[in-house]
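Visitor: Hi, I'd like a quick walk through this one. Can you pull it up?

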Amino acid sequence: MSGILLLILVVLVFYLYYKKWGKSEFVNSASRGAKGFARGFARGVMQERVEEFKRRMNYYVIALLAKIAKSDGRVSEKEAEMISELLDANAKDERERAFLKSAFNEHKENLNDVFEVAKDFLREVPLPKNERFNVLRVLVFMALIDGEFNVKKRELLEQIARAFNISLNELEAFIESLSKLKSPKKELNENEAYALLELNTGASLSEVKKQYRTLAKKYHPDILNANNVSEEELKRGVEQFQKINEAYEFLKKKLS
C-alpha cells in the first residue's frame, strides 16, 4: 500500500511541476540534464578506455622487458633499477604496481614465447608504427643498459621487431645509435658525481637516492617517448640518463 501511495505522490509532483512551469521549460530542463549526463557519461567511458589502454600497454612493455633482462640468465642491478623506475612512473597505484611486478617475474622465466607475446601486444594495443618504434627503443635501451649485449638479446629483439613489422635494418639502426652513446667511461670524481646529480658535495646517501629517482624519471627513455620528444632530444636524454646512473653508482658505493 505504501508503495502505491509513493507512486501517486511522484506522479502528482511531476504533474504540478509540468503544469506550473510549462511544457517547454520542463522539456528544456530535462534535455539539459540528459545532455549533461550524456557528456559526463561519455567522458567517463573515454577515461575508462584510456586507463584500460594504459594498463594493457604497461603489461606488455613490462613482459617484453622481463624477457630482455633475463636473456643472459640473470637480471642485473641496473636492469632491476630500470624496471623499478618504470613501475614507479607508470603504475596507477600500488595494486597495479604489484600486478606489473608479478607479470615481470612470470615473463622473465620464459624466453620462448617472445614473438607470441609481441604479437599479442599489437592485437591488444594496436599501435601505429611510430609508437612501435618508441617501444622498441625502450627495449633496445634495456638490452644495452648493463653493457652486455649478447647474442640472445639480439635474437629476442629481432623476434620482437619481426612481430612489430619493423625491419632488421631499422632495428640495427636503433642498436647502433644507442650503442654510440655508451662511449668509454671517464673516471668520475666525487665533485663531478654530485654535480651530475645536481647536489651539493657532501649530500647524504638518502639525499642522493631521492635526487637520483627524481632525475631518472625526468630523463628515462620511456618517459621521453611518452612525451613525444624529437630524436635528438631522446638521444640527449638517454645520454644524460646514463651519466646520472654512473654518478649514482659511484656515490652509492662511496657512501654505503
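Visitor: Let's start with F121. Which residues is F121 in contact with, leaving aside its neighbours within four places in sequence?
Guide: F121 is in contact with M57, Y60, V61, L64, L127, V135 and F164. Contact means heavy atoms within 4.5 Å.

Visitor: Before I go on, what am I looking at, and what are the ground rules?
Guide: This is a predicted model, where local features need pLDDT of at least 70, side-chain atom pairs count only at pLDDT 80 or more, and totals for chains, interfaces and linings use all residues. Residues are numbered from 1 along each chain as its sequence is written, and side-chain values use heavy atoms, with hydrogens and water left out.

Visitor: Back to the core. Which members touch the most others in the largest nonpolar core?
Guide: F121 and L136, out of 65 residues in that core. A nonpolar core here is a set of buried Ala, Val, Leu, Ile, Met, Phe, Trp, Tyr and Cys residues joined through side-chain atoms within 4.5 Å. In soluble globular proteins, nonpolar side chains tend to be buried together.

Visitor: How much of the protein is buried?
Guide: Buried residues are 39% of the 256. The cut-offs are relative accessible area under 20% for buried, over 50% for exposed, and partly exposed in between, with a 1.4 Å probe and protein chains only.

Visitor: Now the fold. How many helices and strands?
Guide: There are 12 helices and zero strands. Both are DSSP runs numbered from the N terminus: helices are H or I with at least four residues, strands E with at least two.

Visitor: And what share of the contacts join residues at least 24 apart?
Guide: 74%, counting contacts between residues at least 6 apart in sequence.

Visitor: Give me one helix pair. How do α3 and α4 cross?
Guide: Their axes come within 10 Å and cross at roughly 150°. Axes are lines fitted to C-alpha atoms, for helices over the stretch in contact, and angles run from 0 to 180 degrees between N-to-C directions. Helix α4 covers residues 94-107.

Visitor: Which residues meet there?
Guide: I83, S84, L87 and D88 in α3 meet R97, L100, K101 and F104 in α4. By class, that contact has four nonpolar, one polar and three charged residues. Ala, Val, Leu, Ile, Met, Phe, Trp, Tyr, Cys and Pro count as nonpolar, Asp, Glu, Lys and Arg as charged, and the others, Gly among them, as polar.

Visitor: I see D88 and R97 in that list. What do R97 and D88 form?
Guide: A salt bridge, with the closest N and O atoms 3.0 Å apart. The term means a side-chain nitrogen of Lys or Arg within 4 Å of a carboxyl oxygen of Asp or Glu. R97 is buried at 16% relative accessible area, while D88 is partly exposed at 33%.

Visitor: How many salt bridges does the structure hold?
Guide: 15. One of them pairs E81 with K252, closest N and O atoms 3.3 Å apart. That pair links distant parts of the chain: E81 is in α3 (residues 77-90), K252 in α12 (residues 231-255), 171 residues apart.

Visitor: Are E81 and K252 buried or exposed?
Guide: E81 is buried, at 15%. K252 counts as buried too, at 13%.

Visitor: Which other side chain meets K252 in a salt bridge?
Guide: E249, at 4.0 Å from N to O. The two are three residues apart in α12, so about one helical turn separates E249 and K252. E249 is buried, with a relative accessible area of 12%. Elsewhere, salt bridges that share partners join E52, R55, R56 and E124 into one network.
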